[in-house]
Amino acid sequence: MTTVNQAVELILETVTSLPSEKVAVAEGLGRVLCEDVRARRDVPSFANSAMDGFAVRWSDLAGASPSKPVSLRIRGEVAAGGVSRKRVLPGTAVRIMTGAPVPAGADAIVRVEYTETHGERVVASRTDGRGSHIRLAGEDVRKGQLVLERGRVLSVADIGLMASIGKAAVRVRRRPAVAIVATGDELIGVGDRPAPGKVVNSNGYTLSSALREIGAIPKSFGIVRDDRSSLAAAFSAALACDALITSGGVSVGAYDYVKDALTDAGVRMRFWKVAQRPGHPMAFGHRGRKPVFGLPGNPVSSLVCFFLYVRPALLKMMGHENLFMPVVRAKMAHDIKTAPNLKEFIRCRLREENGRFLASSTGTQSSGALRSLSLAHGLIVAREEQTLLRKGSHAPVILLDHRERWLQREMGF
Ligand code: AMP
Ligand code: MG
């Protein structure tokens, strides 16, 4: 049977990165940069004040102190957005606000807290030195400088940086449109009456959110009944997208037609069982280079398989280099029995103990128990040959909830 590692390898060998596209810089967050970005201008583009105060000639104030303050004549004022036509001549000052261009002749800003004004005059009791509180042109970014290298995942600060150099559009890797087809005669929509035997298509919601979280574009193809020809028709239509995810119908039940229907739709199936728990009935195939993930119907299996297989494949298509979820080593808080010959992923909570992670199971590991995944901070990974993770021993834990919230609480920030 296919092992988890073989499955990941085969999937990653199959997919290739999508072409690039140009998007408005505001749409660039989280996208992989496909060009080197050079500054077309200095930032700041002009010398400006970092303080509210007075633009002065430092030599006028070099000896100023609270016991020997210096009086200067105020020649004018310049606010952010304005330009001073007045030059700072010896013995004079120009009132200046934060962000305003430094007037000619000035070589220091005296902050307003060090001054007193008396009508036309300002008395300064000290300065912070020559050049103080002047942000020079090009101090942050020099014209022509390489500021962002291709391959980078654009961060919030990167977006602002590009805007600051006047870059309105940016070339990034395209995001895949991913079809989701939920299969099952029992499935109903979230607003439908919960009749006997019916189950809400929660996977449709889980998977579309999981796609959105990594920057892919979910395309829901609704619920399709367990009927081979309806399934094949739905899959053919869904294969217009860049990738296809199906949910359910891949195990050995009498109505599990998904593999056959995928084959009918021209998909070359590569495996349909992986030595793992949860997520044993996990299928993978492709039409050309277009990947098709046949995820199990059980909600936990479905999402775990998304994390293990779909996520890295789509990240690769989006040009990412970092394909895998963060992993930490954790100490087991209690004995955990695991299945032989399967790689097992045990939902766990983590807490901090003497600067180390301590992992305890969330309890039931049923592949239908989605709440235990909702409670989980991570997935303990038990290797195929292991059958017991002993209390006090260490194991890798895939972090699910790495958005600092619980880390901050546990670490006491
Ligand atoms: P299957 O993989 O089709 O054999 O389904 C396994 C289990 O998962 C069954 O209990 C199904 O009712 C449940 N299931 C299948 N599809 C979904 C879905 N889209 N949302 C929630 N549960 C599902
Ligand atoms: Mg089914």
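Student: Buried or exposed: which word fits both Glu35 and Lys167?

Tutor: Both Glu35 and Lys167 are buried. That word stands for under 20% relative accessible area, while exposed means over 50% and partly exposed lies in between (1.4 Å probe, protein chains only). This is a predicted model, in which local features need pLDDT of at least 70 and side-chain atom pairs count only at pLDDT 80 or more, while totals for chains, interfaces and linings use all residues. Residues are numbered from 1 along each chain as its sequence is written, chains are lettered from A and ligands numbered from 1 in the order in which they are written, and side-chain values use heavy atoms, leaving out hydrogens and water.

Student: What makes Glu35 and Lys167 a salt bridge?

Tutor: The closest N and O atoms of Glu35 and Lys167 are 3.1 Å apart. That fits the rule, because a salt bridge is a side-chain nitrogen of Lys or Arg within 4 Å of a carboxyl oxygen of Asp or Glu.

Student: Where in the chain do these two partners, Glu35 and Lys167, sit?

Tutor: They link distant parts of the chain, 132 residues apart. Glu35 is in the loop between strand 1 (20-24) and strand 2 (37-38), and Lys167 is in the loop between helix 3 (156-164) and strand 12 (169-173). The elements are DSSP runs numbered from the N terminus: helices are H or I with at least four residues, strands E with at least two.

Student: How do you know that Arg111 and Asp128 form a salt bridge?

Tutor: Their closest N and O atoms are 3.4 Å apart, and that is inside the limit just given for a salt bridge. This pair also links distant parts of the chain, with the two positions 17 residues apart: Arg111 belongs to strand 7 (residues 108-111), and Asp128 to the loop between strand 9 (121-124) and strand 10 (134-135).

Student: Why are Arg111 and Asp128 called partly exposed?

Tutor: Arg111 has a relative accessible area of 23%, and Asp128 has 34%. Both values fall in the middle class, so neither residue counts as buried or as exposed.

Student: What makes Glu385 and Arg383 a pair, and why do they get their surface labels?

Tutor: The closest N and O atoms of Glu385 and Arg383 are 2.8 Å apart, and the two form a salt bridge. Glu385 is exposed because its relative accessible area is 54%, whereas Arg383, at 42%, counts as partly exposed. Elsewhere, Arg228, Asp260 and Asp264 are joined into one network by salt bridges that share partners.

Student: How many salt bridges does the whole structure hold?

Tutor: A search of the whole structure finds 13.

Student: Why does Ser84 count as buried?

Tutor: Ser84 has a relative accessibility of 17%, so it falls in the buried class. You will find Ser84 in the loop between strand 5 (70-78) and strand 6 (92-96). Leaving aside residues up to four places away in sequence, Ser84 touches Val78, Val94 and Pro103; a contact means heavy atoms within 4.5 Å.

Student: Which residues of helix 1 are buried, and what do they pack against?

Tutor: In helix 1 (residues 4-14), the buried residues are Val4, Ala7, Val8, Leu10, Ile11, Leu12 and Thr14. Among the elements they pack against are strand 18 (268-271), strand 21 (290-295), helix 7 (299-317) and strand 24 (343-353).

Student: What is unusual about the backbone of His133 and Asn354?

Tutor: Most residues other than glycine have a negative phi, and most peptide bonds are trans. His133 is not a glycine, yet its phi is positive, about 60°. Asn354 also has a positive phi, near 50°. His133 lies in the loop between strand 9 and strand 10 and is buried, since its relative accessibility is 19%. Asn354, in the loop between strand 24 and strand 25 (356-361), is exposed, because its relative accessible area is 73%.

Student: Which residues does a cis peptide bond join?

Tutor: One such bond joins Val43 and Pro44, with omega about -5°; Pro44 is in the loop between strand 2 and strand 3 (48-49). Another joins Arg277 and Pro278, also with omega about -5°, and Pro278 lies in the loop between strand 19 and strand 20.
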